[in-house]
Amino acid sequence: ICPVEPGATVSDACASYADLDKLNARLNPALHDLVTETDFFSYYRLNLYNKKCPFWSDDEGLCGNIACAVTTLENEEDIPEIWRAEELSRLEGPKAHHPGKKEQRELERPLQGELGENVGESCVVEYDDECDERDYCVPEDESASAKGDYVSLLDNPERFTGYAGEGAHQIWEAIYRENCFSKPSSSEQSLGSVAIGGPFAGFSGMQGQAAQDLKSVMKEHGRQQASQVGKVEDNMEFDDECLEKRVFYRVISGMHASISTHLCYDYLNQSTGKWGPNLECYKQRLHTHPERISNLYFNYALMARAAGKLKDYVQDYTFCTGDPKQDKRTKNMALNVAKTIPAGPEIFDESVMFRENPLGETGISLKEDFRNRFRNVSRIMDCVGCDKCRLWGKLQTAGYGTALKILFEFNNEQPAPALKRIELVAFFNTLDKVSNAIKALGDFQRMLAEEKGVP
Ligand code: FAD
């Protein structure tokens, strides 16, 4: 099933897919519990309607379909007590002052009484309106004074909305080209045209640069060495681009592939009015583009590695929903996710990135560039003309931004930066999205095999 082609140890790449599928079989149920059964991870606050698109007039390309609409929580009663505006402003108190970037004021929880077994823990009042220099996205503001809406992520699933055409294309183009590293010329076409066959062709189709990049950062069974990166550059069409720029492209393309998978998997059949998987949609957007599938796996490896790195952080984190029992359960569920993932760099080795490269770019300047461009992507999301797409686009950009922060800023040399509640929510929900997309790919592969009559 795995085709052999020059420059790529395709059998390794296939093993990687299989390894990640195996991991996902365990991780997916744990993530599902976390994001569907806890208040902490199912409510997200963001400024969905009041931010103007900073790049062009956003009056055009608006989506009027009902499926594009987001149900926000209008009624304060529906929001866990601790996050209500009244409560947040009360916590700030008359002597409230802005703690600035570094300082975050800790207050004993005033309303909750006993904290169960974790007596002594306190809730952190978060001020999210300032950007930490180590942030990879523009943070949403969860403070009481901010114009934001609480959204139940469970009530607003990411699915087909009908948002398409010029408006949607303009956003993707801006993300790929205008504000980010330029999309590698013809890479889509050249990689996409590789002839592949068989029911699992999508999986076996990770080739060329896609396979090499994945191999560069994924240490397969500990055999992959950082020195591999040099080899990668040799016979590929991206010769003039460094690993970091390609990684950036893959993160975006993987996110795009995840969105496409979700909209194909939860598609509205307009003749029957029923929601369900649309195999044609999958074939057109994913199956015939194996590099998109490989980028999705790439993102899965990246996100999973970041979640594995979060184990100690989650262990020490104080979850604040106002209900100590639920907080404890939430922590256990989050730990369950983090512990499922191997702690080492077996699945993704970020240490090969942001080193001085043969093009003379230093690690620090590359990282800064990378971070700035990622922040731009998060600003572009304010231009998305469909509310639901904007919600998930913003959340996922914040989720990847948080993953990058965890991967590249959590090291032993300096204290780990604090993660805001909304960063954690965005991160775990984004991982859940990618995990569900990987699972959906498996279902699509089976449907395709059935259609072709392959047992
Ligand atoms: P598009 O998906 O718009 O792609 C445009 C071009 O980009 C393609 O022609 C191709 O050249 C290239 N491309 C496509 N996929 C990839 C990839 N993975 N990697 C690299 N290049 C690629 N629609 C929904 O129904 N539900 C949603 O929740 C939703 N969320 C969205 C969120 C955002 C941020 C944006 C910008 C759009 C969203 N959309 C959503 C719209 C959806 O992504 C498509 O734009 C729309 O369905 C039209 O699809 P298309 O086939 O024309 O190609």
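**Helices, a buried leucine and a ligand shell**

Author: Let's start with a meeting of two helices: L279, Y282 and H287 in α10 touch F444, M447, L448 and E451 in α16. Contact here says that C-beta atoms, placed from the backbone, lie within 7 Å. By class, that contact has five nonpolar, one polar and one charged residues. By the way, this is a predicted model: local features need pLDDT of at least 70, side-chain atom pairs count only at pLDDT 80 or more, and totals for chains, interfaces and linings use all residues. Residues are numbered from 1 along each chain as its sequence is written.

Reader: What makes α10 roughly perpendicular to α16, or roughly parallel?

Author: Helix α10 (residues 279-287) and helix α16 (residues 421-451) pack at an angle of about 110°, with axes 11 Å apart. Angles of 65 to 115 degrees count as roughly perpendicular (under 35 is roughly parallel, over 145 roughly antiparallel, the rest oblique). So α10 is roughly perpendicular to α16.

Reader: Why does L48 count as buried or exposed?

Author: L48 has 20 C-beta neighbours inside 10 Å, so it counts as buried. The rule is 20 or more other C-beta atoms within 10 Å for buried, 12 or fewer for exposed, and partly exposed in between. L48 sits in the loop between β1 (43-46) and α3 (85-92). Leaving aside neighbours within four places in sequence, its contacts include V70 and R390. The C-alpha atoms of L48 and R390 are 7.4 Å apart, although 342 residues separate them along the chain.

Reader: And which element gives the largest share of the shell around the ligand?

Author: That's α9, with six residues.

Technical notes:
Helices (H or I, at least four residues) and strands (E, at least two) are DSSP runs, numbered from the N terminus. Axes are lines fitted to C-alpha atoms, for helices over the stretch in contact, and angles run from 0 to 180 degrees between N-to-C directions. Ala, Val, Leu, Ile, Met, Phe, Trp, Tyr, Cys and Pro count as nonpolar, Asp, Glu, Lys and Arg as charged, and the others, Gly among them, as polar.
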